[in-house]
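Biologist: Please take a close look at a single part of this model, namely how its strands pair, and then set that part against the rest of the protein.

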Amino acid sequence: MIELDNVAYSYDFGGRELFSDVSLKLSPGSFHFLTGPSGAGKTTFLKLCYGALRPSSGAVRLFGEDLGEMGRDGVALSRRRIGVVHQDCQFLDHLTVRENVALPLMVAGEDVTAEQANLAELLSWVGLSERADALPPELSGGERQRAALARAVIMSPDVVLADEPTGNIDWEMAQRLMRLLVELNRMGKTIMIATHDLGLVRAAKSQVQARILRIGGGRLQLAGADL
Ligand SMILES: Nc1ncnc2c1ncn2[C@@H]1O[C@H](COP(=O)(O)OP(=O)(O)OP(=O)(O)O)[C@@H](O)[C@H]1O
Ligand SMILES: [Mg+2]
């Protein structure tokens with residue numbers, strides 16, 4: 001699905017590399033956690049995985065195609081197969097929850113009216129049917145995260161990348177969100193969750209077979225079983 005081959009990344013051209021020599025293959029249906037301290041590069045790494053950033057060196061392949069050889073349209077098409085839950089949610093505050101969740105449909109030129117039933121089902125799945133007409137600033141942290149997850153999956157992506165989806169929410173809500181992500185994985189979706197919360201990773205171990213990656217010191221490694 002997504003493959004990184006000897007990837008290095010630096011924000012300033014020719015400057016210090018945030019990481020280097022990173023190789024990873026996200027196989028269909030796999031579940032990965034990406035852990036590491038704040039500033040280690042988790043968000044940057046996810047951006048490389050969905051083609052928002054291009055590597056300084058090395059290759060990124062999205063669904064078998066080399067990102068370096070893809071034009072804008074190619075990247076946009078691949079991006080439709082990847083749902084992203086952004087660390088800061090990125091809602092349009094003047095649109096309702098329902099409209100925000102439907103936004104990827106509109107951007108893709110789909111007939112949103114024809115998708116109302118799907119939209120309602122998705123909002124009910126994340127437990128937000130009652131909040132569909134609310135504006136993002138009126139939501140609680142957990143509601144925001146669930147709305148962000150709904151928006152990430154509205155296009156039925158093959159891959160879901162979630163950046164700190166449980167940041168700023170209490171443990172019970174974090175567990176609820178994790179259950180939704182595990183459910184998506186059972187439906188066959190490939191999942192990667194970036195989090196600094198090792199408690200969350202430990203708790204998930206009984207629910208899903210996940211590979212745990214750790215980013216830090218410029219390297220990406222498999223975390224040990226002692227976690
Ligand atoms: N657009 C940018 N331009 C320059 N440097 C950046 C940019 N975005 C991030 N960085 C730097 O790159 C490093 C990694 O940032 P990144 O956001 O990927 O870390 P993170 O692991 O996601 O951190 P957190 O856990 O706080 O979300 C940080 O030192 C950050 O300051
Ligand atoms: Mg981050």
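Modeller: Two strands are said to pair if DSSP finds at least two bridges between them, and that is the sense in which I use the word for this predicted model.

The part I would choose is an open sheet of four strands, which stand in the order 2-1-4-5 with antiparallel pairing. Strand 2 and strand 5 (65–66) lie at its edges, and because each has a single partner strand, one side of each is left without a neighbour in the sheet. Helix 1 (residues 42–49) packs on this sheet and touches strand 1 and strand 4, with its direction at about 130° to that of strand 1.

Strand 1 can be followed towards both of its partners. Towards strand 2, strand 1 (residues 2–9) is joined by five bridges to residues 19–26, and the two strands run antiparallel. Within that pairing, I2 has L26 of strand 2 as its bridge partner, while E3 stands opposite K25 in strand 2. Towards strand 4 (residues 57–62), strand 1 again pairs in the antiparallel sense, over five bridges, and here D5 has A59 of strand 4 as its bridge partner.

The surroundings of ligand 1 bring in some of the stretches just described. Around this ligand are Y11, L18, G36, S38, G39, A40, G41, K42, T43, T44, Q87 and H196, and among them K42, T43 and T44 fall within the residue range of helix 1, the helix that packs on the sheet. By class, this shell divides into three nonpolar residues, eight polar ones and one charged.

Set against this sheet is an open sheet of six strands, ordered 6-7-8-3-9-10, whose pairing is mixed. Its edge strands are strand 6 (82–85) and strand 10 (219–222), each of which pairs on one side only. Neighbouring strands in this six-stranded sheet are turned by 20° against each other on average, when direction is ignored. At one edge, strand 6 pairs with strand 7 (residues 159–163) in the parallel sense over four bridges, and V84 finds its bridge partner in L161 of strand 7.

Away from the strands, helix 3 (residues 97–107) has V97, R98, N100, V101 and A102 as buried residues. The buried residues of helix 3 pack against helix 4 (116–125) and helix 5 (141–153), and just after helix 3, G109 takes a positive phi of about 75°.

As for the protein as a whole, its secondary structure comes to seven helices and 10 strands, and its C-alpha trace spans about 45 × 40 × 30 Å along the principal axes. A compact globule of 227 residues would have a radius of gyration near 17 Å, and the protein, at 17 Å, agrees with this. Of these 227 residues, 37% count as buried. Among contacts with a separation of 6 or more, 69% are accounted for by residues 24 or more positions apart, and a pairing such as that of D5 with A59 shows how strand 1 reaches a later stretch of the chain.

Notes. Residues numbered from 1 in each chain as written. Chains lettered and ligands numbered in written order. Predicted model: local features only at pLDDT ≥ 70, side-chain atom pairs only at ≥ 80, totals over all residues. Near = placed C-beta within 6 Å. Nonpolar A, V, L, I, M, F, W, Y, C, P; charged D, E, K, R; others polar. Rg over C-alpha atoms; globule rule 2.2 N^0.38 Å. Buried ≥ 20, exposed ≤ 12 C-beta atoms within 10 Å, placed from the backbone. Contact = placed C-beta atoms within 7 Å. Axes fitted to C-alpha atoms, helices over the stretch in contact; angles between N-to-C directions.
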